[in-house]
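Biologist: I should like to examine this entry residue by residue. Please display the sequence and the structure before we begin.

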Amino acid sequence: DSEKHIKAWTMYIEELTGEELTEKEINRYVKNMSGRQLIEYYLGYDISDDMYEQLSEEKENIYRRLCIADKDNLHLAPGLEKFLDYLTEYNIPRTIATTAPMSNVMFYFETFDLYRWFDTDKLVFHDKRLRDKPFPDQYLVACKMINKEPGKCMVFEDSESGIKSATAAGIKNIIGVSGDNPKLDATAYDTVKVVIKDYEELGQDFDLPT
């Protein structure tokens, strides 16, 4: 859904400034800055944490509307449902560590009925008390949530910042998932054992590297 986030940020910045962004600006700023950097750059001044949370949620509202409007592409990654069923059947501890805000997380839970596979009490999402990826905080907390040492965990990641985060947390088995990000580059990380396009590439027996 990376393209929807880019479109949502573009639309929101245009609302804030009243000016249409050029393709050059989108490539240079929207695609390369964090949300906070982007807002402060276009507002021209630093903002408080509370103000950032408010403005960021306004952008997320746009993002969710874009998702709902594009029903044909509002689905889980190919093969993921079968894989999550497998983890559940064999009682393999699991959780989600994401930089998304809780409002988006619950949107996903309601849309895809993620309650079938995940315990909402163990989720790790964007929280002012934790540094977002690429810092290791979220993965360190996620490991504690499932009562496992980082070295005993496996992570599936679709971004380089997430790979950095998991690696910094001490996780040695990472599966890169390129999905809609074919430019995902994990060659610099020996913690990444393989890069797959989607979960169908895991095969029928889920013979994961250890």
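Biologist: What is the relative accessible area of Arg116?

Modeller: This is a predicted model, in which local features need pLDDT of at least 70 and side-chain atom pairs count only at pLDDT 80 or more, whereas totals for chains, interfaces and linings use all residues. Residues are numbered from 1 along each chain as its sequence is written, and side-chain values use heavy atoms, with hydrogens and water left out. Buried means under 20% relative accessible area, exposed means over 50%, and partly exposed lies in between (1.4 Å probe, protein chains only). Arg116 is therefore partly exposed, with a value of 39%.

Biologist: Which side chain meets that of Arg116 in a salt bridge?

Modeller: A salt bridge requires a side-chain nitrogen of Lys or Arg within 4 Å of a carboxyl oxygen of Asp or Glu. Arg116 and its partner satisfy this at 3.1 Å, N to O. The pair links distant parts of the chain, 35 residues apart: Arg116 is in the loop between helix H6 (102-112) and helix H7 (137-145), and the partner is in helix H5, helices being DSSP runs of H or I with at least four residues and strands E runs of at least two, numbered from the N terminus. The partner, partly exposed at 40% relative accessibility, is Glu81.

Biologist: How many salt bridges are there by this rule?

Modeller: Besides the pair just described, Lys4 forms one with Asp70, where the closest N and O atoms are 2.9 Å apart. Lys4 lies in helix H1 and Asp70 in the loop between H4 and helix H5 (80-89), so the pair ties together parts that are 66 residues apart in sequence. Lys4 is buried at 19%, whereas Asp70 is partly exposed at 24%. By this rule the count of salt bridges comes to eleven.

Biologist: With which residue does Arg36 form a salt bridge whose closest N and O atoms are 2.7 Å apart?

Modeller: The partner of Arg36 in this salt bridge is an aspartate. Arg36 lies in helix H3 and the partner in helix H4, so the pair ties together parts that are 13 residues apart in sequence. Arg36 is partly exposed at 25% relative accessibility. The partner, also partly exposed, at 44%, is Asp49.

Biologist: How far apart are the C-alpha atoms of Glu40 and Ser178?

Modeller: Glu40 is placed in helix H3 and is buried, with a relative accessible area of 18%. Glu40 and Ser178 are 138 residues apart along the chain. Their C-alpha atoms are separated by 30 Å.

Biologist: Which helix gives the most to the largest nonpolar core?

Modeller: A nonpolar core is a set of buried Ala, Val, Leu, Ile, Met, Phe, Trp, Tyr and Cys residues joined through side-chain atoms within 4.5 Å. The largest has 20 residues, and those with the most contacts inside it are Trp9, Leu21, Val30, Leu38, Ile39 and Tyr42. Helices H1 (2-17), H2 (23-30), H3 (35-43) and H4 (49-69) each supply at least two of its residues. With six residues, the helix that gives the most is H4.

Biologist: What separation is found between the C-alpha atoms of Leu21 and Ile174?

Modeller: Leu21 sits in the loop between H1 and H2 and is buried, with a relative accessible area of 8%. Leu21 and Ile174 are 153 residues apart along the chain, and their C-alpha atoms are separated by 36 Å.

Biologist: Which residue does a cis peptide bond join to Lys133?

Modeller: Most peptide bonds are trans. Here omega is about 20 degrees for the bond that follows Lys133. The residue joined to Lys133, placed in the loop between H6 and H7, is Pro134.

Biologist: What is the phi of Asn91?

Modeller: Most residues other than glycine have a negative phi. Asn91 is found in the loop between H5 and H6 and is exposed at 64% relative accessibility. Although Asn91 is not a glycine, its phi is positive, at about 55 degrees.

Biologist: And what is the phi of Asp113?

Modeller: Asp113 lies in the loop between H6 and H7 and counts as partly exposed at 35% relative accessibility. Asp113 is not a glycine either, yet its phi is positive, at about 50 degrees.
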